[in-house]
Amino acid sequence: MIIPKLHYVSQGNTQEEHLANIQNACTAGIELVRLGLQNASENEMSQLAQEAIKITSHFQTRLIICDNYELAKEIKADGIHLKNQPLSPTLIREKLYPWQIIGATANTLQDCEAVLAAEVDYISLGPFKADNATTENKSCVLGLNGYTLITEALNTKTPILAFGEITTNEVSDLLKVGISGIVLSSEITRDFNTIRTYNELLNASVTEEQRHTFE
């Protein structure tokens, strides 16, 4: 199973803004969208997800639902991302279609080991940098050294994606320390044209690997 290297977590103050941003991201070439609406009722989330999948299906973009595995199965989303879901990925997989993917957020080596044991399809690891927020967030910032230590310790083929205020100038260095891709939100929402730049940087590593393979 191939996991796209660039994930967009949708943003917006209203459902309409989320849908407009998803439309813009898909138009600009994003391959995977994670529905990012927070603090919504089940009814609001269901309505948004049903509208979002109409957009992503049109563009053949993957749609991932955060935590709500029942909704992911109901609308036949491409998968689920586990962030605050207390159930084990192993138990959730039993409730999904076989083709649906499962990703999970991790902040430490121990987190990664736990979700890898449950055979998730990818890990979203971070934060890379602090996000203007709290001291708590700043205390668990990984930076390049943190990613290096974790990827070397895990030595896994499961894709590990970085998140946390990542700029285009930092993509190359992250790839060099074993990161497979990145998860972005505000960086893309501010300028959807950056999707092309991020994709080029992420896919350049594949081209380079292929070139060495045939030398």
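Guide: Before we walk through this model, note that helices (H or I, at least four residues) and strands (E, at least two residues) are DSSP runs, numbered from the N terminus. The model is predicted, so to speak carefully of it, local features need a pLDDT of at least 70 and side-chain atom pairs count only at pLDDT 80 or more, while totals for chains, interfaces and linings use all residues. Residues are numbered from 1 along each chain as its sequence is written, and side-chain values use heavy atoms, with hydrogens and water left out.

Visitor: Over which residues is the pLDDT below 50?

Guide: The pLDDT is the predictor's confidence in each residue, on a scale from 0 to 100, and the chain averages 91, with 91% of the residues scoring at least 70. One stretch nevertheless falls below 50, and beyond near neighbours in sequence it has zero contacts in the model, where contact means heavy atoms within 4.5 Å. Where pLDDT is low, the predicted coordinates should not be read in detail. The stretch to treat with this caution is residues 207-215.

Visitor: Where is Q100, and is this residue buried or exposed?

Guide: Q100 is placed in the loop between α4 and β5. Leaving aside its neighbours within four places in sequence, Q100 is in contact with eight residues listed here in full: A72, K73, K76, A77, D78, G79, R93 and D121. Buried means under 20% relative accessible area, exposed over 50%, and partly exposed in between, using a 1.4 Å probe and protein chains only. Because its relative accessibility is 1%, Q100 counts as buried.

Visitor: What separation do the C-alpha atoms of Q100 and G79 have?

Guide: Along the chain, Q100 and G79 are 21 residues apart. In the model, G79 is also the bridge partner of I101 in β5. The C-alpha atoms of Q100 and G79 are separated by 4.5 Å.

Visitor: Which residue in β6 stands opposite T105?

Guide: Two strands pair if DSSP finds at least two bridges between them, and strand β5 (residues 101-106), five of whose six residues are buried, has such pairings with β4 and with β6. Strand β4 (residues 79-82) runs parallel to β5 and is joined to it by four bridges, and β5 pairs with strand β6 (residues 122-125) in the parallel sense, again over four bridges. In that second pairing, the residue opposite T105 is S124.

Visitor: Which helix makes a right-handed β-α-β unit with β5 and β6?

Guide: A crossover is right-handed if, with the strands pointing away from the viewer, the path from the first strand over the helix to the second runs clockwise. One such unit is made by β4, helix α4 (residues 89-95) and β5. In the unit made with β5 and β6, the helix, covering residues 109-117, is α5.

Visitor: How many residues apart are Y8 and F192?

Guide: Rings of Phe, Tyr and Trp (its six-membered ring) pair if their centres lie within 6.5 Å, with planes under 30 degrees apart counted as stacked, over 60 as edge-to-face and the rest as tilted, and by this rule there are three aromatic pairs. Y8 and F192 form an edge-to-face pair, 6.2 Å centre to centre with 80° between the planes. Y8 belongs to strand β1 (residues 6-9) and F192 to the loop between α9 (186-190) and α10 (194-213), so this pair links distant parts of the chain. Both Y8 and F192 are buried, and their distance along the chain is 184 residues.

Visitor: Which residue has its charged end over the ring of Y97?

Guide: Y97 forms a stacked aromatic pair with W99, at 5.4 Å centre to centre and 5° between the planes. Y97 counts as partly exposed because its relative accessibility is 28%, and W99 counts as partly exposed at 43%. A charge sits over a ring if NZ of Lys or CZ of Arg is within 6 Å of the ring centre and within 35 degrees of the ring normal. Over the ring of Y97, 5.2 Å from its centre, sits the charged end of K73.

Visitor: Which residue does a cis peptide bond join to G126?

Guide: Most residues other than glycine have a negative phi, and most peptide bonds are trans. In this bond omega is about 10°. The partner, which lies in the loop between β6 and α6 (135-139), is P127.
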